[in-house]
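Trainee: Could you take me closely through one helix of this model and the parts around it, and tell me what the coordinates support?

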Amino acid sequence: MIHVFNYKDTYYIYDTGSGSLHECDKDTADFLKAEYEGGDKPSLSEEKKAEILKDIEELKSKGLLFKEEVKTYPLKSSEVKALCLHICHDCNLRCRYCFADEGAYHSEREFMSLETAKKAIDFLIENSGNRKVLEADFFGGEPLMCLDTIKKVVAYARERGDKAGKKFLFTTTTNALLLDDDAIDFFNREMENVVLSLDGRKEVHDAIRKTKNGKGSFDLVINNIKKFVRSRGDKSYYVRGTFTSKNLDFSNDVIFLAENGFDSISMEPVVTDIDDLAIKDEHLPAICAEYENLCDKYLEKYEKGEGFNFFHFNIDLEGGVCLQKKVSACGAGNEYFSVVPNGDIYPCHQFAGEKDFLMGNVYEGKLDPAIRDKFASNCLFTRKECGDCFAKFICSGGCSANNYHFTGDMNTPYKATCAMMKKRIECGMHVLAQKKSRKS
């Protein structure tokens with residue numbers, strides 16, 4: 001299968017079987033669309049048609065065009081590789097779009113005890129099989145409300161891991177309100193990655209991410225985040241924003257973050273049913289146009305030597321994750337799980353608290369085999385609507401939780417996400433091609 005598309009006046013052919021991306025002229029793009037996608041047939045000379053056909057045959061002979069897609073099975077693992085520890089079901093902010101009910105997960109506000117956190121680490125080690133590298137993410141609510149517990153859990157995991165021959169990688173997601181010198185020092189020593197929430201421009205951030213007293217939090221967090229990033233060195237971090245229907249000009253927020261010294265940025269579309277914030281079908285044309293605006297601004301920065309890492313434009317067509325992992329998606333409910341403060345285990349943080357997806361408890365040390373098999377079997381190939389999509393081996397069929405919450409079925413893709421994903425991938429492919437051409 002091929003996908004023919006253009007980024008403004010630049011035309012591309014993407015071959016799903018080989019993962020190859022080819023730049024072409026408009027005549028070739030129009031010819032291929034007419035032949036394989038049912039587009040209008042272009043008026044071409046016989047000489048031009050022969051030239052196009054010759055180029056196509058040459059690429060086919062090299063396995064770079066119309067290559068048969070390799071069939072593989074999804075990854076079904078009996079090993080647990082990662083846990084998301086909900087160290088805190090409470091938050092010091094009251095963000096309107098929070099999927100976690102402003103940190104409470106539609107339940108009582110509570111902290112995870114050190115004993116439960118240790119049992120979660122024990123559960124991870126005991127169920128990790130032959131894996132040598134394990135991951136633990138500290139999540140909330142706001143994890144820094146429990147920094148002392150996090151410190152003790154990390155120390156415990158390091159000690160237990162050393163004895164069991166396991167290496168731990170830790171991540172924390174924080175709103176940065178409590179990111180003081182002590183937390184910065186600890187994160188820089190112990191955290192493999194840190195995700196910091198900042199939505200962009202002050203007026204955008206403050207409109208949604210408010211404190212308990214209803215005031216904006218931008219001025220309370222911006223300097224903490226800047227200080228942390230300056231101290232981070234070459235260690236990983238992401239400044240993660242969320243855009244809503246109220247800031248469909250989100251390219252300005254991404255550039256704002258870049259110009260404030262943040263060179264690892266993610267800007268995610270909101271996932272909510274709040275009417276005045278939700279992304280709706282009528283917003284999609286404007287969002288797709290905005291991704292192109294961002295792509296242009298991104299490349300302008302790159303050309304000036306001011307490039308930055310934007311998560312959704314990172315497309316690797318030459319290596320990256322193996323095909324088996326791509327068709328298996330994120331591993332939620334199969335090898336990755338969330339643990340809430342009382343020790344209950346769920347497929348991931350977006351299913352936390354939903355009793356139909358309760359898989360067990362760390363004190364029992366067992367996982368519901370039926371739910372686990374449901375998630376392990378759920379993959380790209382069970383999502384029938386993805387079969388003819390060019391993005392399938394990059395997207396992996398979308399987020400199971402988003403699919404379920406918006407369509408009622410993990411295997412039915414959420415259309416709005418599909419549209420945004422396809423556009424981001426096309427922009428990412430354009431970025432990849434432009435960077436390569438400028439290096440050569």
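Mentor: Before turning to the helix, one cut-off is needed: a residue is called buried when its relative accessible area is under 20%, exposed when it is over 50%, and partly exposed in between. Please keep in mind throughout that this is a predicted model.

With that cut-off, the buried residues of H4 are Leu147, Thr149, Ile150, Val153, Val154, Tyr156, Ala157 and Gly161. The helix itself has 18 residues, and from its first C-alpha to its last it reaches 25 Å, which is close to the 26 Å expected at 1.5 Å a residue. The cover over its buried residues includes strand S4 (82-86), helix H3 (114-126), S7, S8, H5 and strand S9 (191-197).

Both ends of the helix deserve attention. On the approach to H4, Gly141 sits in the loop between strand S7 (133-139) and helix H4 (147-164), and a cis peptide bond, with omega at about 15°, joins Gly140 to Gly141. Just after H4, Gly165 takes a positive phi of about 75°.

Further along the chain, Ala176 lies in the loop between strand S8 (167-174) and H5, two elements that are included in the cover of the buried residues of H4. Phi of Ala176 is near 75°, a positive value in a residue other than glycine, and Ala176 counts as buried because its relative accessibility is 0%. Lys8 also has a positive phi without being a glycine, with a value near 55°; this residue is in the loop between strand S1 (2-7) and strand S2 (10-15), and at 40% relative accessibility Lys8 counts as partly exposed.

From H5 the path leads on to H7 through a pair of rings. Phe187 and Phe228 form an edge-to-face aromatic pair, with 6.4 Å from centre to centre and 90° between the planes. Phe187 lies in helix H5 (residues 181-190) and Phe228 in helix H7, so the pair ties together parts that are 41 residues apart in sequence. Phe187 is buried, with a relative accessible area of 0%, and Phe228 is likewise buried, its relative accessible area being 0%. The structure holds 20 aromatic pairs, and elsewhere Tyr298, Phe308, Phe310 and Phe313 form one aromatic cluster.

Helix H7 (residues 218-231) also holds Lys226, which counts as partly exposed at 24% relative accessibility. Setting aside residues up to four places away in sequence, Lys226 touches Asn260 and Phe262. The C-alpha atoms of Lys226 and Asn260 are separated by 7.8 Å, although these residues are 34 apart along the chain.

A last feature to look at is the second largest pocket, which has a volume of about 500 Å³. This pocket is lined by 21 residues, and the closest to its centre are Cys98, Phe99, Ala100, His106 and Val271. By residue class, the lining of the second largest pocket divides into 10 nonpolar, six polar and five charged residues.

Terms used. Residues numbered from 1 in each chain as written. Predicted model: local features only at pLDDT ≥ 70, side-chain atom pairs only at ≥ 80, totals over all residues. Heavy atoms only, no water. Helix = DSSP H or I, 4+ residues; strand = E, 2+ residues; numbered from the N terminus. Buried < 20%, exposed > 50% of the residue type's maximum accessible area, 1.4 Å probe, protein only. Contact = heavy atoms within 4.5 Å. 1 Å grid on protein atoms, 1.4 Å probe; cavity = no way out; pocket = protein on both sides within 12 Å on 5 of 7 lines; lining within 4 Å. Points joined across faces, edges and corners; volume = space filled by probe spheres on them. Nonpolar A, V, L, I, M, F, W, Y, C, P; charged D, E, K, R; others polar. Phe/Tyr/Trp six-rings, centres within 6.5 Å; stacked < 30°, edge-to-face > 60°. Expected span 1.5 Å × (residues − 1).
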